[in-house]
Amino acid sequence: MDENLAFPPKFYDMVIEHMNDDHRPGMIDIARGILGKEWVEDVELLHFDKVQIQFKAFGENGKEEVLEMVYDTPLEKPNQVRPLLVQMVKDAKEILNK
């Protein structure tokens, strides 16, 4: 098993599905604000593990790019994922509203 996969595989599937179904605006804010990709119009969560998160970003004229972000502190428990994602969206909104 990959040492970065700290959580059960079903947990990853559940989080990815939930984020893609219900939280695309927040992920767009992360891509635009934290990752500086102002061209992003849509985002799909591809993968995350205990050290990083990976999105696929989509823009005008079919532009696509895989975006990766390493966390400041690696995750150790599944219950750390939601607060991390909430904080990322909050930080992104603060950056975008400056």
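## The overall fold

Three helices and three strands make up the secondary structure of the protein chain. Keep in mind as you look around that this is a predicted model. Walk along the sequence and you meet the elements in the order α-α-β-β-β-α. The helices are H1 at residues 9-22, H2 at residues 24-34 and H3 at 81-96. The strands are E1 (42-48), E2 (52-58) and E3 (64-70).

How does the radius of gyration fit with a compact globule? For 98 residues, such a globule would come out near 13 Å, and the protein chain has 13 Å, so the two agree. Along the principal axes, the C-alpha atoms fill a box of roughly 40 × 30 × 20 Å.

## Inside and outside

Of the 98 residues, 34% count as buried. If you take the contacts with a separation of 6 or more, 43% of them come from residues 24 or more positions apart.

On the outside, the protein chain exposes about 6300 Å², and carbon and sulfur atoms supply 49% of that area. As for charge, there are 12 positive and 20 negative charges, and the mean positions of the two sets are 4 Å apart.

## The nonpolar core

In soluble globular proteins, nonpolar side chains tend to be buried together. Here the largest nonpolar core has 26 residues, and the ones touching the most other members are Leu 45, Phe 48, Ile 53, Phe 55 and Val 81. H1, H2, E1, E2, E3 and H3 each supply at least two residues of this core.

Ile 53 is a good place to zoom in. Setting aside neighbours within four places in sequence, Ile 53 is in contact with a list of residues that includes Leu 45, Phe 48, Leu 67, Met 69, Leu 85 and Met 88. His 47, Glu 68 and Tyr 71 are also among the contacts of Ile 53.

## Helix H2 and its surroundings

Which residues of H2 are buried? They are Gly 26, Met 27, Ile 28, Asp 29, Ile 30, Ala 31 and Gly 33. These buried residues pack against H1, E1, E2, E3 and H3. Just after H2 comes Gly 36, which takes a positive phi of about 70°.

Asp 29 deserves a closer look. Is Asp 29 buried or exposed? Its relative accessible area is 13%, and buried means under 20%, so Asp 29 is buried. Leaving out neighbours within four places in sequence, Asp 29 is in contact with Ile 34, Ala 92, Lys 93 and Leu 96.

## Two more residues to find

Asn 20 sits in helix H1. Asn 20 counts as buried because its relative accessibility is 13%, where the cut-off is under 20%. Not counting residues up to four places away in sequence, Asn 20 touches Met 27, Glu 44 and Leu 45. Met 27 is one of the buried residues of H2, and Leu 45 is one of the core residues that touch the most other members.

Now turn to Leu 84, in helix H3. With a relative accessible area of 21%, Leu 84 is partly exposed, because that class runs between 20% and 50%. With neighbours within four places in sequence set aside, Leu 84 is in contact with Tyr 71 and Leu 75. How many residues separate Leu 84 and Gly 36 in sequence? They are 48 residues apart in sequence, and 19 Å apart in space from C-alpha to C-alpha.

Definitions and conventions
Residues are numbered from 1 along each chain as its sequence is written. This is a predicted model: local features need pLDDT of at least 70, side-chain atom pairs count only at pLDDT 80 or more; totals for chains, interfaces and linings use all residues. Side-chain values use heavy atoms; hydrogens and water are left out. Helices (H or I, at least four residues) and strands (E, at least two) are DSSP runs, numbered from the N terminus. The radius of gyration is taken over C-alpha atoms; the globule rule is 2.2 Å times the number of residues to the power 0.38. Buried means under 20% relative accessible area, exposed over 50%, partly exposed in between (1.4 Å probe, protein chains only). Contact means heavy atoms within 4.5 Å. Accessible areas come from the Shrake-Rupley method with a 1.4 Å probe; for residues, only the protein chains shown count as cover. Lys and Arg count as positive and Asp and Glu as negative; His and the chain ends are not counted. The place of a charge is taken as NZ of Lys, CZ of Arg, CG of Asp or CD of Glu. A nonpolar core is a set of buried Ala, Val, Leu, Ile, Met, Phe, Trp, Tyr and Cys residues joined through side-chain atoms within 4.5 Å.
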